[in-house]
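Please work through the exercises below with the sequence and the 3D structure at hand. Try each task before reading its solution.

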Amino acid sequence: MSDNLARVSLSIEREPYEAPARRGFRLVSAAPNRRTRPRIFYALTAVAGMAAIIVAQLLLSVGISQGAYEISSLQSSQSELGRTAASVSEDLVRVSSPQSLATNAEGLGMVSNSNPVYLRLSDGAVLGAPASASGSQAGAASLVPNSLLAGSTPLSALPEDTTGTGETLAITSAPVVPAGLAAPTTR
Amino acid sequence: MSVRNSSARQTGARTNPTNSRSSRRRTFFTIVVLFAVIGVFLVRLVDIQVVQADSLTADSVGNRSVGQVVYGSRGEVVDANGVVLAGTVMRYNITMSPVNATPFKRTVDGKKVVISVAEAAAEIGAATGQTGDAILLTIGAALEANAKANFAYIAQKVDVDVLRAVQELHIPWTYSENSPSRVYPNGAVAGNMLGYLSGEGVPQAGLESGQDTCLASTNGSETYEKGADGVRIPGSSVTSTEAVDGGDVITTIDSDLNWFVQQTLAARAQETGAAWATAVVQDVKTGKLLAVADYPSVDPNNVGGTKNPEDRGSRAFTQSFEPGSTFKALTMASVLDAGAATLETGIVAPYRYLPANGANINDSHAHPDQHMTLTGVLIDSSNTGMSKFGEKLTDQQRYDYMKAFGVGTPTETGFPREDGGILHPVDEWDNQTSYATMFGQGLTTTALQVASIYQTIANDGVRMPVQLVEGCRQADGTMANVPDQVGTRVLSEKAAQDTSDVLEMVYQKSWVQSKWNIPGYRVAAKTGTAQMPDGQGGYSNGYLVSVSGYAPADDPQYVVSVSIADPVKLNTSAAPAPVFQEIMSQVLKKYRAVPSGVTAPDLPSTW
């Protein structure tokens, strides 16, 4: 501003606009009012701004802690559900074990037959001697222990009025099997 | 601008002079107060940051930070179809603080009720399956040992249902902790082979031990800050080390088949009063083990239920024995492959044979001299006949064939402490051993090695490495530690085919034919009856009876080898033969093997 060159250039430029500049003169009221009003305004703005920031900050942190509680409760319910899922799938794997399937199948009167007979389509020959299953495993207690199955009841031994909504599916009518399956009479 | 500023400064200077003294005093006073306050803060700062720093830090960590172990999950052992044989599950320990075990208040139906320690103990006991008195005893014992005891176990390794039942009680002095455990959903199925972990999770035997580098996991940790109510403070610092889960071991075993084999074997072993028994099912083309059964079976969920520690391992891998006559197939194959004899070659088999080197060989039953071919020797299982064929090769030649068949070396399964059997070098053989090794005495093999000999003959003379583990499946699905599966030719195709034809004749003409007959299929098999050592360098009265063979003989696919040790009620091959029949029938049925179309060859057994 104290630069000499600038002042010189200004004075030169002002000359052509002397006449319009004179038209802008007008009466101005006393100074004090005009000076104090902006200061209060700025102060209020600043205070309001700070208040807004504080409120926003508070709301934000309330929101975040609310979120933290929500996360915490969701996480705990997730882990609870995870435990349930793990426990249920453990049950499923356990009841699908060969011991459980065999006990249940035998409980329903099924007999294992390791004597397969084949019908050859090319010449109609019967390979093997068809015979009723001897039930080599039937009745025998499981010789391959599984301590996980201790205390579980074969389905056929469940009471008849058990509905299928429990842990195990109930077969309401276990077939009555005579001692040894009758040989088929088909000819 | 500069003009206005300087004038304002002049104005201020002009108004101050009258108050300058009091102002200076006020400034001085303010500074003193300020320094005093700063001093107080400084002292407090040093006190907190230096003097009490350690105890305060310890307090704050205890109050705000929660350190947690993040458990890595030990890998699973699965069978060929993905059925889990060994898996990791989370179990829970119920713990308590004995010193805090006092009566507490509980709101029942809107009323506050005081629950005494005895009542609480009874409630816990009902949930965990103990008696309330037992829990009171635990509390008493803990307090007796230490009057301020703050920790004791109520129950260990309970499942989630029990945990929830205890948590429902809301007893303020009970807590829980995680305790990852091993579970074997199929019980004793392949249990001897799987092995088990100790209570602390250290592998003790079997695959658990042999494949530990694959299965083992690394626990991680996680630390974060919590508020008074236990909720994690948002944005609080978290330091964590990630847990690394173990890889899964994929075995070649079929769990359903393994169950059937174990069940069948156990039934027969009990019926015949056997000491122990093993059965092996192997795939001819790949060398993969489909089932490995041991009797007595161990349930890895309940190892303590198997009293004899020797029954807890897998004898199929770790117990070698003199194989006896099943070994004659190897000698025959060696003689045929070396071209020292053909299927037409005839010898005269006496009851007792005294070779020039001074050995003394006799057959199991007295008989006049017989004019036999190799076929006849195998059908009658004649030791003297076998000796006359075996001596056509040098000891060194036969030794080399045995080594090529895998005798004397543990198989490629990588099973821990697998036995390789005893095969002494040729220069240590005495005269008797030289002949005894022709019919499976004077050397030992495991059940696996016998199965592998029959696999080689069945697979046109190419021996495949015995495979138990497909590999270690990593978290990203890739397989590591995949074993080498390159076969080695031991016999010419012609020699393997001739041997197979003879074994098929044995199956048809053997005295146990009615016991191992499988209609519709051509089968090749051989029995063995070997005296068992008494552990003091001699032989006991016990016999190890076995049957090894494969089917269908026209396109061999499965080897089954059954060994029963010391069946006191029936010490002949009639003991294992029905087991062989049942297992082989089941294998052929299960894997949909096509029944044989062509009739079996008929070879002359005499000349």
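The exercises below go from one chain to the contact between chains, and then to a sheet, a helix pair and some unusual backbone sites.

This is a predicted model, in which local features need pLDDT of at least 70 and side-chain atom pairs count only at pLDDT 80 or more, while totals for chains, interfaces and linings use all residues. Residues are numbered from 1 along each chain as its sequence is written, and chains are lettered from A and ligands numbered from 1 in the order in which they are written.

**Exercise 1. Describe the elements of chain A and its burial.**

Step 1: Helices (H or I, at least four residues) and strands (E, at least two) are DSSP runs numbered from the N terminus, and chain A has four helices and two strands. Read from the N terminus, their order is α-α-α-α-β-β.

Step 2: A residue is buried if 20 or more other C-beta atoms, placed from the backbone, lie within 10 Å of its own, exposed if 12 or fewer do, and partly exposed in between. Of the 187 residues in chain A, 9% are buried.

Step 3: Two residues are in contact if their C-beta atoms, placed from the backbone, lie within 7 Å. Among contacts in chain A between residues at least 6 apart in sequence, 56% join residues at least 24 apart.

**Exercise 2. Find which parts of chain B touch chain A.**

Step 1: The contact draws 33 residues from chain A and 34 residues from chain B. On the side of chain B, at least two residues each come from β3 (84–96), α6 (160–168), α10 (255–271) and α20 (577–590), and α10(B) gives the most, with seven residues.

Step 2: Sorted by class, this side of chain B has 15 nonpolar, twelve polar and seven charged residues, where Ala, Val, Leu, Ile, Met, Phe, Trp, Tyr, Cys and Pro count as nonpolar, Asp, Glu, Lys and Arg as charged, and the others, Gly among them, as polar.

**Exercise 3. Lay out the five-stranded sheet of chain B and say what packs on it.**

Step 1: Two strands pair if DSSP finds at least two bridges between them. The open sheet has its five strands in the order β12-β11-β23-β22-β21 (chain B), with antiparallel pairing. Since β12 and β21 (524–533) of chain B stand at the edges with a single partner strand each, one side of each is left without a neighbour in the sheet.

Step 2: β11 (residues 276–283) of chain B pairs with β23(B) over eight antiparallel bridges, and Ala277(B) stands opposite Ile564(B) in β23(B). The antiparallel pair β21(B) and β22(B) has nine bridges, and these two strands form a hairpin with five residues between them, where Gly535(B) in the turn has a positive phi of about 85°.

Step 3: Although β21(B) is an edge strand, seven of its ten residues are buried, so β21(B) is largely enclosed by the rest of the structure.

Step 4: Axes are lines fitted to C-alpha atoms, for helices over the stretch in contact, and angles run from 0 to 180 degrees between N-to-C directions. α10(B) lies across β11, β12 and β23 of chain B, running at about 30° to β12(B). Helix α17 (residues 447–458) of chain B also packs on the sheet, touching β11, β22 and β23 of chain B.

**Exercise 4. Describe how α12(B) and α18(B) are placed against each other.**

Step 1: The axes of α12 (residues 328–338) and α18 (residues 493–509) of chain B come within 9 Å and cross at roughly 140°. Angles under 35 degrees count as roughly parallel, over 145 as roughly antiparallel, 65 to 115 as roughly perpendicular and the rest as oblique, and α12(B) and α18(B) are therefore oblique to each other.

Step 2: The residues that meet include Ala329(B) and Met332(B) in α12(B) and Ala495(B) and Val502(B) in α18(B). By class, the contact has eight nonpolar, one polar and two charged residues.

**Exercise 5. Locate the unusual backbone sites of chain B.**

Step 1: One cis peptide bond joins Tyr295(B) and Pro296(B), with omega about 0°, and Pro296(B) sits in the loop between β12 (289–295) and α11 (315–318). Another joins Ala551(B) and Pro552(B), with omega about -15°.

Step 2: Lys157(B), not a glycine, has a positive phi of about 50° and lies in strand β6 (residues 152–158). Lys157(B) counts as partly exposed because it has 16 C-beta neighbours inside 10 Å.

Step 3: Ala190(B) likewise has a positive phi, near 60°, and counts as buried because it has 31 C-beta neighbours inside 10 Å.
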